[in-house]
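Subject: Structure handover and notes

Dear colleague,

I am passing this structure on to you, together with some notes on what was found in it. Please look through the sequence and the coordinates first, and then read on.

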Amino acid sequence: MKQKWRGQTDRSIIVLFQARLDLTVGPKQTMGRTVENVKIEIPMNKSVLNCSLTPNQGKYSFDPVSKLLAWDVGKIDPSKLPNIRGSVNFVSGARPEDTHA
């Protein structure tokens with residue numbers, strides 16, 4: 001995940017507003033079988049405020065209370081791998097140790 005830093009450093013507090021997420025999934029080896037009903041759950045850090053993502057396949061949701069990012073990918077076509085990308089927004093004033101899992 002690439003991080004975009006904005007703001008100022010004040011001794012031990014670094015203000016982090018936004019990071020980029022770019023995730024592509026695909027089968028390692030399928031032996032000719034189709035991979036279906038793929039679901040991915042990513043527990044996010046407590047300092048994540050929200051996510052603004054765009055999947056090229058399936059649907060995603062982010063629960064701001066449990067901080068769980070859920071992506072229902074569905075069936076994987078090996079010729080066009082599923083991808084989700086976009087911004088992850090953090091609480092203003094989050095400490096560096098609060099922004100990493």
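The place to begin is the largest nonpolar core, which has 17 residues, and within which Met-44, Val-48, Cys-51 and Val-88 are the residues with the most contacts. Two or more residues of this core come from each of the strands β2 (13-24), β3, β4 (48-55), β6 and β7 (83-90), and the largest share, four residues, is given by β6. As background, nonpolar side chains in soluble globular proteins tend to be buried together. Please keep in mind throughout that this is a predicted model, and that the values below are computed from it.

One of those core residues, Val-48, can be followed further: leaving aside residues up to four places away in sequence, Val-48 touches Phe-62, Lys-67, Val-88, Asn-89 and Phe-90.

As for the overall make-up, the protein has seven strands and zero helices, so that reading along the sequence gives the pattern β-β-β-β-β-β-β. Of its 101 residues, 34% count as buried, and the protein exposes about 6900 Å², of which carbon and sulfur atoms supply 50%. If one takes the contacts between residues at least 6 apart in sequence, 64% of them join residues that are at least 24 apart.

Three of the strands form an open sheet, in the order β3-β6-β5, and the pairing in this sheet is antiparallel. Because β3 (35-43) and β5 (59-63) stand at the edges and have a single partner strand each, one side of each is left without a neighbour in the sheet. From one strand to the next, the twist averages 15°. Within this sheet, β3 and β6 (residues 68-76) are paired over seven bridges in the antiparallel sense, and Ile-42 stands opposite Leu-69 in β6. The pairing of β5 with β6 is likewise antiparallel and runs over five bridges, with Ala-70 in β6 as the bridge partner of Ser-61.

A further antiparallel pairing joins β4 to β7, again through seven bridges, and here the bridge partner of Pro-55 is Ile-84 in β7. How many residues of β7 are buried? Seven of the eight are, and β7 is therefore largely enclosed by the rest of the structure.

Two residues deserve a second look for their backbone angles. In general, most residues other than glycine have a negative phi. Asn-37, however, is not a glycine and has a positive phi of about 55°, and this residue is found in strand β3. Lys-67 is also a residue other than glycine with a positive phi, in this case near 60°, and it lies in the loop between β5 and β6, where four residues separate the two strands of the hairpin. Are these two residues buried or exposed? Asn-37 has a relative accessible area of 65%, which is over the 50% limit, and therefore counts as exposed. Lys-67, by contrast, has a relative accessible area of 15%, which is under the 20% limit, and therefore counts as buried. Lys-67 is also among the residues that Val-48 touches, as mentioned above.

Finally, there is the matter of charged pairs, where the count comes to one salt bridge. In this salt bridge the side chains of Asp-22 and Arg-85 meet, at 3.5 Å from N to O. The pair links distant parts of the chain, since Asp-22 belongs to strand β2 and Arg-85 to strand β7, and the two are 63 residues apart. Arg-85 itself, at 42% relative accessibility, counts as partly exposed.

If you would like a route through the model, you could start from Val-48 and the other core residues with the most contacts, Met-44, Cys-51 and Val-88, go on to the open sheet of β3, β6 and β5, and end with the salt bridge between Asp-22 and Arg-85.

With best wishes

Notes:
Residues numbered from 1 in each chain as written. Predicted model: local features only at pLDDT ≥ 70, side-chain atom pairs only at ≥ 80, totals over all residues. Heavy atoms only, no water. Pairing = 2+ DSSP bridges. Axes fitted to C-alpha atoms, helices over the stretch in contact; angles between N-to-C directions. Core = buried A, V, L, I, M, F, W, Y, C linked by side-chain atoms within 4.5 Å. Buried < 20%, exposed > 50% of the residue type's maximum accessible area, 1.4 Å probe, protein only. Contact = heavy atoms within 4.5 Å. Areas by Shrake-Rupley, 256 points an atom, 1.4 Å probe, with all protein chains shown as cover. Salt bridge = Lys/Arg side-chain N within 4 Å of Asp/Glu carboxyl O.
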